[in-house]
Number of protein chains: 2
Amino acid sequence: MLADKKKITIAIVDDHPIVLEGLQKVLMQAYDYVSTICFNTGGEFLNFIKQSGTGTGIVLIDINLPDINGIELCRQVKTLSPGTCVLAFSNHNERSTIMKMLQNGASGYLLKNSSADEVVACINEALDGQIALSREAKEIMAKPSARDWQELPALTKREKEILKHVADGKTSAAIAAQLHVSPLTVETHRRNLMQKFNVKSMTAAVKVAMENGLL
Amino acid sequence: MLADKKKITIAIVDDHPIVLEGLQKVLMQAYDYVSTICFNTGGEFLNFIKQSGTGTGIVLIDINLPDINGIELCRQVKTLSPGTCVLAFSNHNERSTIMKMLQNGASGYLLKNSSADEVVACINEALDGQIALSREAKEIMAKPSARDWQELPALTKREKEILKHVADGKTSAAIAAQLHVSPLTVETHRRNLMQKFNVKSMTAAVKVAMENGLL
DNA sequence: TGAAAAATACCGGAAAACCAGTAGCTATAA
DNA sequence: TTATAGCTACTGGTTTTCCGGTATTTTTCA
């Protein structure tokens with residue numbers, strides 16, 4: 001994998017000097033010409049984007065940053081500059097964290113314990129326009145933890161239906177009219193939903209449902 | 001990739017007979033011993049799992065099924081049998097669809113226009129405990145469409161804070177107490193949030209926010 | 001075919017959310 | 001140094017949700 005050398009430009013956002021040094025060294029060994037631009041905080045990098053208007057490019061972002069967290073940073077980067085390719089570089093090894101990062105526009109995820117070869121391979125994948133997950137990240141994504149499902153309440157068909165309408169902002173009366181049932185019935189379903197999700201409002205119920213892909 | 005032959009068992013859920021035939025042929029060429037079990041509807045497959053209690057194994061699921069949609073089927077399969085490895089096999093090429101599938105526990109996603117080699121490669125990856133995305137799926141995941149971000153309302157720090165609390169089911173009074181502001185202020189933020197998201201209730205606002213990774 | 005689960009429906013009352021409009025005070029960026 | 005954006009706060013009123021308890025009718029499945 002070290003064979004195909006070329007010229008690349010890459011930004012790194014991480015508050016650990018050692019990590020910055022290490023990455024730079026690895027990259028210099030792997031490519032003929034590397035120019036790295038390092039930042040210690042998310043704010044610095046956002047300013048850089050605003051100023052220089054860097055349309056495209058690759059950036060490695062640590063998830064634990066002093067000012068803002070990497071997930072939020074990722075979304076802001078993508079908002080300001082959708083062409084920028086964001087790779088997460090983190091210790092977090094939970095499936096949900098990887099999912100969130102991808103949902104917010106990241107093109108890849110590298111665990112910090114990845115080998116040098118793996119890092120280079122991922123960057124090459126990213127340059128090639130593919131999603132770049134390190135080996136361990138791929139394995140984490142492949143096996144969602146069992147408990148993620150067994151503890152969730154089982155909703156009936158009608159409850160799911162009402163939940164969807166509630167999440168669309170409809171009132172009980174409106175839902176009742178649409179489904180040709182009494183508003184009081186809809187209210188009953190609402191209460192059952194809140195009880196099943198163990199929450200105090202439908203707003204919270206919608207959040208939990210969304211978190212678990214029920215909506 | 002056709003070199004490493006071995007014995008595999010695989011289930012396929014698809015209502016197109018041609019697809020079932022095609023997949024079986026490809027698999028038989030790629031592996032020494034293949035046993036395929038085919039189903040035309042989601043319900044049939046769920047019954048099979050309930051009966052036989054198949055703890056593990058690989059299943060290819062089409063997203064467009066006559067009875068239930070593949071995303072919902074995936075979550076039900078994972079609920080009944082978390083050890084089962086689900087690969088989506090579909091024509092849908094939207095990033096959001098792939099994300100939803102992964103969020104509901106799928107271990108991979110194959111576009112239906114994938115080559116035979118690609119299908120086999122993905123199944124091998126899945127057998128190896130990795131996430132399996134076909135080439136095109138990887139590319140789709142790598143580049144989230146630009147418009148996904150530019151049309152979203154920009155929330156202020158305070159608004160995000162209130163949104164989080166609302167999504168947790170807290171009342172305006174409770175939030176106000178916690179943030180040391182007037183309940184009336186919280187109400188104002190609520191209204192601004194609804195206006196920005198262009199929805200009629202906070203419930204709907206939470207849904208939109210969740211859909212876009214803002215929570 | 002019988003038990004369990006689901007869907008339907010009601011009452012009365014308290015709490016909270018939503019609506020429309022206004023406005024001062026503060027930090028920040030052009 | 002002005003705009004501008006964001007945070008704060010108010011009045012007064014309407015609508016909706018949420019809570020408690022109960023109960024009949026379908027549907028489903030063992």
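Let's start with some rings: in chain A, ring pairs join A:F39, A:F45 and A:F48 into a cluster. Keep in mind that you're looking at a predicted model. If you search the whole structure, over all chains, you'll find six aromatic pairs. Take B:F39 and B:F48: their ring centres sit 5.2 Å apart and their planes meet at 50°, so this pair is called tilted. Why tilted? Planes under 30 degrees apart would count as stacked and those over 60 as edge-to-face, so 50° falls into the remaining class. Are these two residues buried or exposed? B:F39 counts as buried, with 8% relative accessibility, while B:F48, at 26%, counts as partly exposed.

Now hop over to DNA strand D. It has 19 residues around it, and the closest are A:R191, B:T156, B:R158, B:S182 and B:T185. By type, the residues of this surface split into four nonpolar, eight polar and seven charged. Which helices help out here? At least two residues each come from α10 (183-197) of chain A and from α8 (157-167) and α10 (183-197) of chain B. The largest share, five residues, belongs to α10(B).

What part of the DNA does the protein meet? Of the strand D atoms within 4 Å of the protein, 60% are in sugar or phosphate, and the rest are in bases. You can see both kinds up close. An N or O atom in the side chain of B:T156 is 2.3 Å from a phosphate oxygen of the strand, and a polar backbone atom of A:S172 is 3.1 Å from a phosphate oxygen. A:E187 goes for a base instead: one of its polar side-chain atoms lies 3.5 Å from a base nitrogen of DNA strand D.

Technical notes
Residues are numbered from 1 along each chain as its sequence is written. Chains are lettered from A and ligands numbered from 1 in the order in which they are written. This is a predicted model: local features need pLDDT of at least 70, side-chain atom pairs count only at pLDDT 80 or more; totals for chains, interfaces and linings use all residues. Side-chain values use heavy atoms; hydrogens and water are left out. A residue is near a molecule or strand if one of its heavy atoms lies within 4 Å of it. A polar contact is a pair of N or O atoms within 3.5 Å; within protein, one must be able to donate a hydrogen and the other to accept it, and residues adjacent in sequence count only if both atoms are side-chain atoms. Helices (H or I, at least four residues) and strands (E, at least two) are DSSP runs, numbered from the N terminus. Ala, Val, Leu, Ile, Met, Phe, Trp, Tyr, Cys and Pro count as nonpolar, Asp, Glu, Lys and Arg as charged, and the others, Gly among them, as polar. Rings of Phe, Tyr and Trp (its six-membered ring) pair if their centres lie within 6.5 Å; planes under 30 degrees apart count as stacked, over 60 as edge-to-face and the rest as tilted. Buried means under 20% relative accessible area, exposed over 50%, partly exposed in between (1.4 Å probe, protein chains only).
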